[in-house]
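Reader: Before the discussion begins, may the structure be shown? The questions will concern the reasons behind the terms used.

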Amino acid sequence: GRLEAVTQQMGYHPQYLDSFLKTQHYLMHMDGPLPFDCRHYIAIMAAARHQCRYLVNLHVLQFLRAGGDPQWLRGLEFIPPKLRNLNEINKILAHRPWLITKEHIEKLLKISEWSWSLAELVHAVVLLAHCHALASFVFGCGCEQDEGGRGSLSLGTQCFCEATAGNSCSQELLRINRKRSLDSCMELDSLRERMQRIHVETEGREEMRLLQQDREEGEGQGAEVGMWGGTEHLSDLSAGLSLLADPDGEVTGATNLACYMQDPDFGYQDFARRDEDQTQVFRVQDYSWEDHGFSLVNRLYSDIGHLLDEKFRMVDGLQSSAMAKRQGCEPSVFKRGIWNYIHCMFGIRYDDYDYAEVNQLLERMLKVYIKTVTCYPEKTNSEMFDRFWKQFKHSEKVHVNLLILEARMQAELLYALQAITQYMI
């Protein structure tokens, strides 16, 4: 029963971990506009943009556990159009969020059989931003490399927000999760048994299908598909579970992440700050989280604004005196330099900040590390984590990665929520 990698790393800062786990649990497991299986599939789509097997594997298991259709795990071609339509905004948010416009929002919300509601879309946007930023943390702290991309599979079907033990979570949540941790091993064994049984039962299925095709058509074998495309064929479970088992029966997770994304060559490009005609700088004075984003997201997805705001404030309040002292500045100055540098890479500018400070505060190797983890985390390797700031403690390096996580998430949310606001005006 060891703690999984993300929890281990965030555990260096217990107060932040508590805030993170509450947000993660609310997004994935509490009441909200989106069905539970769709939440995990959206997380799969988001993590796949950065080739993060760690998160994909985790949410594949959670998707099946939530009763998701295993056929969806074959790729985007097998999911309902409503969910597939989210692919474009997922791609843009992950790599170039400044390209999101109200037209993208309008396209998803237009009246049709597969249209989204505003509440559903806000939930989806928060999930996408959360998982994109978490992928940065996973790569930045070496969780992907250390775990071989297996995610929390060593803990069965538990999500890491369910697997944490310690003082950082409420006692009630711990009581529930301890029971789940005991149940998860039996549940995983049950999945394996069902997979093996279904495999045996379906060995002669193709031959039987040809012989009985007319009768099957007459009986209307296909299950009715709802707005989210869910079916009720238990036999289809083998399709999804076959992705999760190697010849030895060990659960390994999805292997082909390309099936979960389109346009894989679309990636981060440096924000064109000088080309005002093509790309407008996002000025926080005109649209900020505190004055605009918080109220909008909280109104359309109850309470999530408070949880996100607590998380943003928590990372800002983490102690970093030793880290700042080594750089010869005040903690608040150092953290703001990192935060504003990350936002600057996404075209977000603060009129009251002197950006010359960034070069004075952040040495070149640190800037390279921050940019890699923020913009293309899949290119991060464990050596980069070990090599940057050799004189700094491990907890201080984790602190930097938490700043990256939260700054990136807020940047994506600002662009998406501004586009939603423009659509609503």
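**Salt bridges and burial**

Author: In this predicted model, D263 has a relative accessible area of 38% and is partly exposed.

Reader: Why is D263 called partly exposed?

Author: Buried means under 20% and exposed means over 50%. The value for D263 is 38%, which lies in between, so the residue is called partly exposed.

Reader: What makes the contact of D263 and K91 a salt bridge?

Author: The side chains of D263 and K91 meet at 3.2 Å, N to O. A salt bridge requires a Lys or Arg side-chain nitrogen within 4 Å of an Asp or Glu carboxyl oxygen, so the term applies. D263 lies in the loop between helix 14 and strand 1, whereas K91 lies in helix 6, so the pair ties together parts that are 172 residues apart in sequence.

Reader: Why does K91 count as buried?

Author: The relative accessibility of K91 is 9%. The cut-off for buried is under 20%, therefore K91 meets it.

Reader: How do you know that K91 and E88 also form a salt bridge?

Author: Their side chains meet at 3.4 Å, N to O, and the limit is 4 Å, so this pair qualifies. Both residues lie in helix 6, three residues apart, about one turn of the helix. E88 counts as partly exposed, at 36% relative accessibility.

Reader: What makes K311 and E406 a salt bridge?

Author: The N to O distance between their side chains is 2.9 Å, which is within 4 Å, so the definition is satisfied. K311 in helix 16 and E406 in helix 22 are 95 residues apart. Both K311 and E406 are buried.

Definitions and conventions
Residues are numbered from 1 along each chain as its sequence is written. This is a predicted model: local features need pLDDT of at least 70, side-chain atom pairs count only at pLDDT 80 or more; totals for chains, interfaces and linings use all residues. Side-chain values use heavy atoms; hydrogens and water are left out. Helices (H or I, at least four residues) and strands (E, at least two) are DSSP runs, numbered from the N terminus. Buried means under 20% relative accessible area, exposed over 50%, partly exposed in between (1.4 Å probe, protein chains only).
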